[in-house]
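Trainee: I am new to this structure, so please choose a single part and take me through it closely and carefully.

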Amino acid sequence: MVSREKLEHNQIWIYTAALVIAAIAGWMMPETMSLLDHHVLISVIIAGLMFGMFTQIPFLSIKESLGNPRFIYALLVANYVAVPLVVWLLSQFLPQEQSPLLLGVYLVLLTPCIDYVIVFTFLGKGNEQAMLLSTPILFVTQMIFLPAYLWLFMGEQTAELVKPGPFIEAFVIIILLPLLLAILTQVMAKKGFHPVLEASAWLPVPLMALTLFVIVASQMSKLSSYADTIVKVIPIYLAFMIIMPLITRLIVKFFSLDIRSGRAVVFSAGTRNSLVVLPLALSLPDEWSSLVAAIIVTQTIVELVGELIYIRLVPRVILPDKSLEQNTG
């Protein structure tokens, strides 16, 4: 029988297999897999993933993460100073006359992730508690900064196209409800009811694999319709994922963060809000929505593959344990 420890130990291979199988299924059975293309289904799966992750975080000791304002400062500088600069520079390599293409890239790259970044921070040996606490801050700040940066980069008319309603709805479903259920589960476990808490520990790995499968399989047929555009944005997404950890490492050193908190900032800066901003794309006018959604989904696929690399490289190369004395000394 497979143990939970063995499942977690082999999670990289499980995720890789999920990606490969999803790509094949989406390519060979596009009509069948397109049935999975529903934002409610994807949101429910991610909510389950977040619930499993949240139940494993010891909330009784989470107050310790509040005592490090430098983490919040580093997080804000990385996401709202470094990221916009990098995104704007990279966007100069795209056709400036194609507004939907630029909007899709800006939507997805200017918004820091507030959902599965917590899972990847945990898998990458970062401070998932600090990352969890930062989600309300990141949510509020990106609601403020996203329209501002869209106006700065594209003009007032484009910024007004982005509506906050779908953003708030996604936050409630994907973050708030799973968090409240996880806290309730921990309270029940403390009073002696352990089965739900013990069962939830099995959820993160299989639900992450399921998330990867559903997103990739359901979107394969769509992506082929915009192949010419997707070819243009993939190098931008790859460059972003390569550049941001290197820049964020300097920010982490500047704020003298401990290694686990520093890794959390690295994951936050490199992980974007693709799944939560997708409803924003779908709320755009018809002539824009399909293309913008395809651009966002492309980033999701590139990022999910990149995160599998991040969880190995960040704790081993970008911020290894041996650099602890250098950062805190």
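**A close look at helix 6 and beyond**

Mentor: In helix 6, the buried residues (under 20% relative accessible area, 1.4 Å probe, protein chains only) are Pro 100, Leu 101, Leu 102, Leu 103, Gly 104, Val 105, Tyr 106, Leu 107, Val 108 and Leu 109. The model is a predicted one, in which local features need pLDDT of at least 70 and side-chain atom pairs count only at pLDDT 80 or more, while totals for chains, interfaces and linings use all residues. Residues are numbered from 1 along each chain as its sequence is written, and side-chain values use heavy atoms, leaving out hydrogens and water. Helix 6, a DSSP run (H or I, at least four residues, numbered from the N terminus), spans residues 99-109, and because ten of its eleven residues are buried, it is largely enclosed by the rest of the structure.

Turning to another helix, Gln 129 belongs to helix 8, which covers residues 128-154, and Gln 129 is likewise buried, at a relative accessible area of 12%. Its C-alpha atom is separated by 17 Å from that of Ile 311, which is 182 residues away along the chain.

Ile 311 leads us to the largest pocket (an open set of 1 Å grid points where a 1.4 Å probe fits, with protein on both sides within 12 Å along at least five of seven lines, lined by residues with an atom within 4 Å of a point). This pocket holds about 350 Å³ of space, counted as the space filled by probe spheres set on the points. Among its 13 lining residues, those closest to its centre are Gln 11, Leu 123, Lys 125, Ile 311 and Arg 312. Helix 1 (4-9), helix 2 (11-28), helix 7 (117-123) and helix 16 (286-318) each give the lining at least two residues, and helix 16 provides the largest share, four residues.

How values were computed. Buried < 20%, exposed > 50% of the residue type's maximum accessible area, 1.4 Å probe, protein only.
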